[in-house]
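With the model open in your viewer, please follow the selections below in order, and keep both chains displayed throughout.

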Amino acid sequence: MNAVGIIFSSINEKSIYELTKQRTMASVPFGCRYRLIDFALSNMVNSGVTHVGIVTHYNYQSLMDHIGSGKDWDLARRHGGIKILPPYITAFANSSNLLYSTRLEALISIRDFISGCKEELVVLSDCDTVCNIDLSAMIDQHIATNADITLGVKSSYVSQDSSRTLMIVRSDEEGKVTEVGEYEGLKNGFEDVCVRIMVVGRKYLEELIADAIARGYTSFTKDILVRNCKFHNIRTFKFDGYFATVRSLSDYFRCSMDLLDPDIRRSIFSVEHRPVFTKVRNSAPASYVTGAIVRNSLIADGCVIEGTVENSILFRGVKVGKNTHIKNSIIMQDTITGENVYLNCVITDKNVVIRDGRVLSGHETKPFFIDKDMHV
Amino acid sequence: MMTKKETVAMLLAGGQGSRLYLLTERIAKPAVPFGGKYRIIDFPLSNCINSGIDTVGVLTQYQPLALNGYIGNGQPWDLDRTFGGVTTLPPYQAQKRADWYKGTANAIYQNMQFIDKFDPEYVVILSGDHIYKMDYAEMIEAHKKNDADCTIAVFDVPLAEASRFGIMTTDENLRITEFAEKPKEPKSTKASMGVYVFSKDKLFSYLEADEADENSEKDFGKNIIPAMLNAGERLFAFEFSGYWKDVGTIDSLWEANMDLLGSRPALPLKDRSWRILSRNEAHPPHFVGSSAVISNSVITEGCEIYGTVINSVLSAGVVVEKGATVRDSVILGNVTVKADATVDYSVVDSDTVISKEATVGKSIAEAKGITLLGGGLTVPAGVSVPDGVICGKEMLAELSAKGGNV
């Protein structure tokens, strides 16, 4: 595939600070055994995009630990493969020492990487989105329509409330984009929402970056898409599978719970020839001890279950003690619960210990979050 | 990077494992799946890397395709090395001879060149049909301390079963005085585990002598060890007391799987300090539906459970539909048990579909024995596969024709 991938690992981190306090958005754990970047990376390798740059910001140690050599995504390559692009700071005091804060500034900071690539196209992807999308079809359409930029969109129900964080794209019947923006005073209804994945010609992207530097542009959406959609050939690519954006802790909770729906689960994990890859941890299979009761839950390997688990998501290596009842909760890697614990609408980060007899409850709109390594 | 290794491990993985019947129809015994997400060979390979042995030759012969693909470049076991790592060693044509491996000793003999490349002091000989977690480094340490020529790992077995094994008699320092292969009247209960440490030079000289002997069966247990004992070489036993199981039969394979169950399993695999590594496929986590009942079982990634699973071990991608029951069974990868079907006291090979209301096996209390159902089959709706049989394609066709009434 004649395309290089660029993944923004830190975009929108502030929107979900509980989970990104100690890690990048890319390395937020999701769906029992994955981290958010696994979806963006798997989409790329499953579409033949095997040269991928990952743009980093603060705190990318957990991300580097997760990615390793890239072997688990078959991206440990002599040609191409994964390149971690650390924040660019020069030794001289000047304006370029300011760490980027927007997508466009991030692209400016990696312009050497982009101009050093040989591929003709660039696929840009955020990693706060969860979907299984065929990028090769998107790339084919981009070439066939001779587009400058192709935006992945999904027709979704948008309420006034949710529109604040979404990028709504309007296009004519041929798919040519007419309006891009975050609309004020929007009515409830179906709109095409950008899935935060786009294809752009590499030379064109380089021009955009040079132009942005010259004019002091900072926002990809406002300064490039909104300004250019009337003059350039910007197209939409319609995606109809499941797509979720994680923009708050309650979003995170809802998207995680979406995985309990068999249709949604299939549209992410059971697409033929398009598996989702992640770092291999070599956990032993999950053990159910006599007396365990599990209903409507997703369970990762390495778990030991002696109590009751309902409508919940258990990450690798979680232990559920006797007479413990976990419902509507997300329990991350290596969390241990003692006996007679009751949890409802709780999210525990990694390595949490919940001692015997503790009762904790949140609400689905405001899940109770417990920090990494906490003992309760 | 030092271009020398102290120890090289040679893993005998060419065996057919004919007592596993249908399971080894298309794959070699070491490639037989175990414990949900492993294959038998994961145990010796993981033991090697956990013991600090990073140079392993895997001798293949019978149906090597699945095994070769599985081992690949050794990356899952951290055995993809610039110098050393894992190497598969199939039989080959040489200038003066072209032969299959004729016995365990002959297999090593044919690969002396491979061993020599690393200039090792010690050679560890392993077999690919045992489930155990063992630190070979401790054994090599004992070998050095005893100034031994050969050290054989032994496992204490019940006297009644001792005649199924190679039995060592030792003095109080664990020096082996006598060795008897499957003796009728065993003199001790120290059974060979099929794990040997040899000093390389001694091994090579005995292999060459054995190769020259036309009457020899070219076997370690039958020829090399007795020859060394007769010549008065220093052979020592190394006592091992952890979990060890020969999984050469359907019954023992089933038992070893059952040893993973319970809150304190006989074979604990969750110990992060001695991980068993395996080649993982990309499966999502397993899903347990609202109607599911799961008790005392081990379940891995990619499974979807809507029915009842009791005392069983399920491999990746197994689907148990609503109303279906799986009890006291080992189900290998991607098997589907459809609605209201029952699987009892059975081993079901991969990719088989058990259709609605079909039954496989009988309850453990009533059954004559374990039922083995082959891979890639479809048991038609309502058909019963009886207890204690080995059911392949032909038998299933017969059963289906009769509507399952046997």
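Begin by selecting B:Glu304 together with A:Arg266, which in this predicted model form a salt bridge whose closest N and O atoms are 4.0 Å apart. This pair belongs to a count of four salt bridges between chain B and chain A.

Next, show the polar contacts across the interface of chain B and chain A, where 21 residue pairs are found with both partners at pLDDT 80 or more. On the side of chain B that touches chain A, colour β14 (286-288), β15 (293-295) and β16 (297-299), each of which supplies at least two residues. If you then colour that side of chain B by residue class, its residues divide into 14 nonpolar, 16 polar and six charged.

Now widen the selection to the whole contact, which takes 36 residues from chain B and 37 residues from chain A. The two chains bury about 2900 Å² between them, with 49% of that area on carbon and sulfur atoms. Which residues in chain B lose the most area to chain A? Select B:Lys270, B:Pro285 and B:Phe287, which together account for 21% of what that side buries.

Finally, turn to the strands that meet across the interface, and select β14 (residues 286-288) of chain A with β16 of chain B, which pair in the antiparallel sense over three bridges. Within this pairing, centre the view on A:Tyr288, and you will find B:Ser297 of β16 in chain B standing opposite.

Definitions and conventions:
Residues numbered from 1 in each chain as written. Chains lettered and ligands numbered in written order. Predicted model: local features only at pLDDT ≥ 70, side-chain atom pairs only at ≥ 80, totals over all residues. Heavy atoms only, no water. Contact = heavy atoms within 4.5 Å. Buried area = accessible area lost by both parts, 1.4 Å probe. Salt bridge = Lys/Arg side-chain N within 4 Å of Asp/Glu carboxyl O. Polar contact = N/O pair within 3.5 Å; in protein donor to acceptor, adjacent residues only side chain to side chain. Helix = DSSP H or I, 4+ residues; strand = E, 2+ residues; numbered from the N terminus. Nonpolar A, V, L, I, M, F, W, Y, C, P; charged D, E, K, R; others polar. Pairing = 2+ DSSP bridges.
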